[in-house]
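Please walk through the structure below, starting from one of its cysteines and moving outward to the sheet and the helix that packs on it.

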Amino acid sequence: MKRFCALSVLCLAVLTSATENDVETGGWMGRIIGGQDAVTGQFPYQVSLRTSFDFHFCGGAIIGDRWILTAAHCVIGREPSEMVAVLGSLSKQRGGSNYELQDIIVHPNYNGWNQDNDIAILRLQKSIRFSTTVFPVKMARNYASGNMAVLASGWGLTSVSTAAQPDVLQYVALRTIDNTECVRRFTSLENRSVTPTNLCTYSRTSQGTCMGDSGGPLVNNGELVGLVSWGIPCAAGYPDVYVRVASYRAWVTAITSVH
C-alpha cells in the first residue's frame with residue numbers, strides 16, 4: 001500500500017510536466033473533479049500555461065501587471081520561449097490573450113523529490129491589460145487555518161473514468177483542513193511530507209484537484225491562499241496539498257515588488 005500511494009503521488013508531478021503526447025497516451029488529463037462551469041469574470045486571475053503548440057499543461061495566478069505565480073514543478077527545466085500564458089478566457093480552446101514569458105524564477109530551495117518549496121514566479125515580456133475578465137488576485141498575508149471555505153479552479157476532466165474533457169473552466173468549493181490532520185491522513189507516504197509551508201484541503205471523495213491543475217489558484221475571500229502542488233490522483237479520498245502562499249509572500253515581494 002505504501003508503495004502504491006507513493007507512486008500515485010509521484011505520477012502527479014511527472015505527468016503535469018510531461019509532453020503533450022505523453023499525457024495523451026497516459027490518459028491522465030484530469031484537473032477539477034466534482035466541480036462546475038465557471039462564468040465570465042468569475043476568476044479573472046486564472047492563467048492557462050500552455051506549450052508553444054497551444055497545449056494546456058498547468059495553471060497559474062496573476063498577481064501583478066507582469067507577474068504570475070505557479071508551481072515550480074510546472075516550469076522546472078522549461079525555457080520561457082517554450083511557454084505562453086493565456087489570460088481572460090473561460091475556454092481551453094479559444095479566446096483569451098496570449099502573453100509571452102521573459103523569465104522563469106523557481107524558488108531556490110525547490111526540491112523536486114518531495115515538492116518542498118514548490119513555487120515559481122513568471123515574468124511576462126509585456127504588461128497585462130487589465131479588464132473585468134483579467135485582473136490580479138491579492139496574495140494572502142495571514143496563515144490560513146483549518147475549516148476555511150476556499151475555491152479551486154482549472155481545466156480538464158470532470159471524471160477520471162471518462163474521456164470527456166470540458167472546454168469551460170471548472171471550479172470546486174472545498175474546505176481547508178489543519179496540517180496536523182493532513183499529516184495524519186498521509187502517514188503511509190514515503191516520498192512526500194506536509195510542512196508548515198503547505199496548505200491542505202479535503203471535502204469528500206470524488207471532489208478536488210488533479211493533474212494539469214498544478215500551479216492553479218486556491219482562493220479564500222478574494223485572496224490567494226494556495227497554489228496546487230500535489231496529491232494522490234484523483235479525488236480518491238486523500239487531501240489535496242497546496243503551496244501556502246503566505247509563507248512565500250516576502251520572497252515574492254522581494255522579486256516582484258508586488259505586495
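C182 is buried, because its relative accessible area is 0% and the cut-off for burial is under 20%. The model is a predicted one. C182 forms a disulfide with C200, and the two sulfur atoms lie 2.1 Å apart. The torsion about this S-S bond is about -80°, so the link is left-handed. C182 belongs to helix 4 (residues 179-185) and C200 to strand 11 (residues 198-201), so the disulfide ties together parts that are 18 residues apart in sequence. C200 also counts as buried, because its relative accessibility is 0%.

The structure holds 2 disulfides. Besides the link of C182 and C200, there is one that joins C58 to C74, with an S to S distance of 2.1 Å. The angle about the S-S bond of C58 and C74 is -80°, and this link is left-handed. It connects distant parts of the chain, with C58 in strand 3 and C74 in helix 3 (residues 72-75), 16 residues apart. C58 counts as buried because its relative accessibility is 0%. C74 is likewise buried, at a relative accessible area of 0%.

Strand 3, which carries C58, leads to the main sheet. Here 6 strands close into a barrel, and their order is 2-3-4-7-6-5 with antiparallel pairing. From one strand to the next, the twist averages 40°. Helix 5 packs on this sheet and touches strand 3, strand 4, strand 6 and strand 7, its direction making about 25° with that of strand 7. In general, the strands of a sheet pair through backbone hydrogen bonds, in either a parallel or an antiparallel sense.

Where do the residues of strand 2 stand, buried or exposed? Strand 2 spans residues 46-51 and is mostly covered, with 6 of its 6 residues buried. Q46, S48 and R50 point one way from strand 2, while V47, L49 and T51 point the other way, and all are buried. Both sets of side chains are thus accounted for on a strand that has a pairing partner on either side.

One partner of strand 2 is strand 3 (residues 56-64), with which it pairs in the antiparallel sense over 5 bridges. Within this pairing, V47 stands opposite G60 of strand 3. The hairpin of strand 2 and strand 3 has 4 residues between the strands, and D54 takes a positive phi there, near 65°. Another partner of strand 2 is strand 5 (residues 83-87), again antiparallel and over 5 bridges. T51 of strand 2 faces M83 in strand 5.

Strand 3 also pairs with strand 4, in the antiparallel sense and over 3 bridges. One point of this pairing is A61, whose bridge partner in strand 4 is L69.

Which residues of helix 5 are buried? Helix 5 covers residues 249-256, and its buried residues are R249, W251, V252, T253 and T256. These buried residues pack against strand 3, strand 4 (67-70), strand 6 (97-106), strand 7 (120-124) and strand 8 (138-139). After helix 5 comes S257, with a positive phi near 65°.

Another residue to look at is N220, which lies in strand 12 (residues 217-220). Why does N220 count as buried? Its relative accessibility is 18%, and burial means under 20%. Leaving aside residues up to four places away in sequence, N220 touches M148, A149, V150 and V225.

The protein as a whole has 5 helices and 14 strands. Of its 259 residues, 56% are buried. Among the contacts between residues at least 6 apart in sequence, 73% join residues at least 24 apart. The protein exposes about 11,000 Å², of which carbon and sulfur atoms supply 50%.

Key:
Residues numbered from 1 in each chain as written. Predicted model: local features only at pLDDT ≥ 70, side-chain atom pairs only at ≥ 80, totals over all residues. Heavy atoms only, no water. Helix = DSSP H or I, 4+ residues; strand = E, 2+ residues; numbered from the N terminus. Buried < 20%, exposed > 50% of the residue type's maximum accessible area, 1.4 Å probe, protein only. Contact = heavy atoms within 4.5 Å. Areas by Shrake-Rupley, 256 points an atom, 1.4 Å probe, with all protein chains shown as cover. Pairing = 2+ DSSP bridges. Axes fitted to C-alpha atoms, helices over the stretch in contact; angles between N-to-C directions. Disulfide = S-S within 2.5 Å.
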